[in-house]
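Here is a short report on the fold at hand. Keep the structure open while reading.

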Amino acid sequence: MNKIKVLLAEDEASLGMIVTESLESRDFKVYHAINGEEAMQIYLQEKPDILVLDVMMPKKDGFTLAKEIREENKRIPIIFLTAKSQTSDVLEGFNHGGNDYLKKPFSIEELIVRIKALLNRVELKQNIENIKIGNYTFNYTKQLLIFNEDNTNLTHREAQLLFYLIEKKNEVLDRTFILNKLWGNDDFFNARSMDVFITKLRKKLKKDKNIQIINVRGFGYKLLC
């Protein structure tokens, strides 16, 4: 079985070594770069499966590196490592092509969960017209839920939200993450709007009694199937 190839761009030597050794002990193949320019060279040579990029690096920062890579590769998952957690910094990461972020300090277990979740999302998108949820089939491209012969149309936002819930099936979908990703920020009004969309999805999935979307208070939502 081929190992998952991770490009880690982290200029802090001790942290880079710890992350590299920890991931490799869990059967990942890690390429560690200490600045943005070296990371770009490794990316072009090794074609990794996922990028883990520190935001603040010498020679080329993580946002600039991600933007350049996104110009030629729209699909590769990108996780930013940041010492900042303000909404503006998170949004800047998403605007530069990031898929997720982790605030330092972080646990290796959390990083691995994020890596696997993003790679699962890539796999889901390769089968985007035939995603099974219980007795439903979800066609993301056509924004359809199919139950036996019945088709239920979804709005674009409903389809996006359901896709992220499926990606984290039986796990918590972080409320702040999805609000920033789909609504642009996590203010009160957007949070209320997301609650409305969750209610709509529950109604559209009610034909299968084994499917639930539950509220995990203070954290987010979980799709149980």
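Pro105 sits in the loop between β5 and α5. The peptide bond that leads into Pro105 from Lys104 is cis, with omega near -5 degrees. The model is predicted, and every value below is computed from it.

**Strand β4 and its neighbours**

Strand β4 covers residues 78-82 and is mostly covered: five of its five residues are buried. Its side chains split by direction. Ile78, Phe80 and Thr82 point one way, while Ile79 and Leu81 point the other way, and all are buried.

β4 has a partner in strand β3, residues 50-54. The two run parallel and are joined by four bridges. Within this pairing, Leu51 has Ile78 of β4 as its bridge partner. The link between these strands involves helix α3, residues 62-70: β3, α3 and β4 make a right-handed β-α-β unit.

Strand β5, residues 100-103, also pairs with β4. This pairing is parallel too, over four bridges. Here Ile79 has Asp100 of β5 as its bridge partner.

Is Thr82 of β4 buried or exposed? Buried means under 20% relative accessible area. Thr82 has 10% relative accessibility, so Thr82 counts as buried. Leaving aside residues up to four places away in sequence, Thr82 touches Val55, Tyr101, Leu102, Lys103 and Lys104. Lys104 is also the residue before the cis bond to Pro105.

**The largest pocket**

The largest pocket has a volume of about 430 Å³. It is lined by 19 residues, and the closest to its centre are Asp100, Glu110, Arg114, Asp174 and Phe177. Asp100 is the bridge partner of Ile79 described above.

Which elements give two or more residues to the lining? They are β5, α5 (108-126) and β10 (172-174). α5 gives the most, with seven residues. By class, the lining holds nine nonpolar, one polar and nine charged residues.

**The hairpins**

Three hairpins can be set side by side.

| Hairpin | Residues between the strands | Residue with positive phi | Phi |
|---|---|---|---|
| β6 and β7 | two residues | Gly134 | near 55 degrees |
| β7 and β8 | four residues | Gln143 | near 55 degrees |
| β11 and β12 | three residues | Gly218 | near 85 degrees |

Start with β7, residues 136-139. Tyr136 and Phe138 point one way from this strand, Thr137 and Asn139 point the other way, and all are buried. Strand β6, residues 131-133, pairs with β7 in the antiparallel sense over three bridges. Ile131 has Phe138 of β7 as its bridge partner. Strand β8, residues 144-147, is antiparallel to β7 as well, with four bridges. In that pairing Tyr136 stands opposite Phe147.

Now move to β11 and β12. β11 spans residues 212-216 and β12 spans residues 220-224. They run antiparallel and are joined by five bridges. Gln212 stands opposite Leu224 of β12.

**Asn151**

Asn151 is found in strand β9, residues 150-153. Setting aside residues up to four places away in sequence, Asn151 touches Leu144, Leu145 and Ile146. What separates Asn151 from Thr137 in sequence and in space? They are 14 residues apart in sequence, and 9.5 Å apart in space, C-alpha to C-alpha. Thr137 is one of the buried residues of β7.

**Two lysines with positive phi**

Lys47 has a positive phi of about 50 degrees although it is not a glycine. It lies in the loop between α2 (36-46) and β3. Partly exposed residues fall between the buried limit of under 20% and the exposed limit of over 50%. Lys47 has 43% relative accessibility, so Lys47 counts as partly exposed.

Lys59 is not a glycine either, and its phi is positive, near 70 degrees. Its place is in the loop between β3 and α3, two elements of the right-handed β-α-β unit. With a relative accessible area of 63%, Lys59 is exposed.

Methods:
Residues numbered from 1 in each chain as written. Predicted model: local features only at pLDDT ≥ 70, side-chain atom pairs only at ≥ 80, totals over all residues. Heavy atoms only, no water. Buried < 20%, exposed > 50% of the residue type's maximum accessible area, 1.4 Å probe, protein only. Pairing = 2+ DSSP bridges. Right-handed = clockwise from strand over helix to strand, strands pointing away. Contact = heavy atoms within 4.5 Å. 1 Å grid on protein atoms, 1.4 Å probe; cavity = no way out; pocket = protein on both sides within 12 Å on 5 of 7 lines; lining within 4 Å. Points joined across faces, edges and corners; volume = space filled by probe spheres on them. Nonpolar A, V, L, I, M, F, W, Y, C, P; charged D, E, K, R; others polar.
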